[in-house]
Amino acid sequence: MIQELKRGYGQVFEDALINEIVQVGTFKEVPEGFKLMDIGDYVRGMPLLISGAIKVLREDDDGNELLLYYLEEGDTCSMTLSCCMGDAQSEIRAVAETDAKLIMVPIHKMEEWTGRYKSWRNFVFQSYHDRLNELLNTLDSIAFDKMDMRLVGYLKEKARIAQEDSIRSTHQEIAYDLNSSRVVISRLLKKLEDMGKIELHRNHIKILEL
């Protein structure tokens, strides 16, 4: 585990902190689609993502979901940090976008390390900054971009995360992530196919040129 941790965080944390993380952290391997956290859960640990990707979603009062951002290797979730520090219930849902490996850090160590390690303190502040920028980008997209532009951006990001040109999501799953309807998403996907941008298949969408 220590080698995997060093690969993702060796340029961020000093060896002493990495050794402490290995001693107190809980290593997890989760499959694609695994729900790591749900809305209303009490958060007892902070995830450090070693490999793979996790998508973070919000839900409205009617149960409609909206994709906020992705976490990748070397990331953590600022919303999880806030819940941990305040002993509050989670306001987000975190689902493995791909098979993933992570280390869960217990809450009591987070405050201790903030005082002891400058690298940890900087990492926490940088995480807040990065996630805030991603949230602002999501907000801008909702406020200013038409759904077809949002869909193109979504497909490109999914392909980048998966590191392949095929997206294995149903039209309904895409609609959930974009807080739209399946009918609208299907129509826009068909339009992109007619433009030669994608190919629609029964179980996947192939990206040609976006």
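**Salt bridges and helix 4 in a predicted model**

Both R93 and E65 are buried in this predicted model.

Trainee: How far apart are the closest N and O atoms of R93 and E65?

Mentor: R93 lies in strand 6 (residues 93–96) and E65 in strand 5 (residues 65–71), so the pair, 28 residues apart, links distant parts of the chain. The two residues form a salt bridge. Their closest N and O atoms are separated by 2.6 Å.

Trainee: Which residues are linked with E65 and R93 in a network of salt bridges?

Mentor: The whole structure contains 17 salt bridges. Some residues are linked in a network of these, E65 and R93 among them. The other members are K35, D38 and E59.

Trainee: Is K109 buried or exposed?

Mentor: K109 belongs to helix 4 (residues 107–116). Beyond its neighbours within four places in sequence, K109 is in contact with E20 and V24. Because its relative accessibility is 13% and the cut-off is under 20%, K109 counts as buried.

Trainee: Within what arc do the buried residues of helix 4 fall?

Mentor: The buried residues of this helix are I107, K109, M110 and W113. They line one face of helix 4, because, seen down its axis, they fall within an arc of 150 degrees.

Trainee: Which residue of helix 4 meets R116 in a salt bridge?

Mentor: R116 is partly exposed, at 47% relative accessibility. Its partner lies four residues away in helix 4, about one turn of the helix. Residues three or four places apart in an α-helix point the same way, because there are 3.6 residues a turn. At 2.8 Å from N to O, the partner of R116 is E112.

Methods:
Residues numbered from 1 in each chain as written. Predicted model: local features only at pLDDT ≥ 70, side-chain atom pairs only at ≥ 80, totals over all residues. Heavy atoms only, no water. Helix = DSSP H or I, 4+ residues; strand = E, 2+ residues; numbered from the N terminus. Buried < 20%, exposed > 50% of the residue type's maximum accessible area, 1.4 Å probe, protein only. Contact = heavy atoms within 4.5 Å. Arc of directions from axis to C-beta. Salt bridge = Lys/Arg side-chain N within 4 Å of Asp/Glu carboxyl O.
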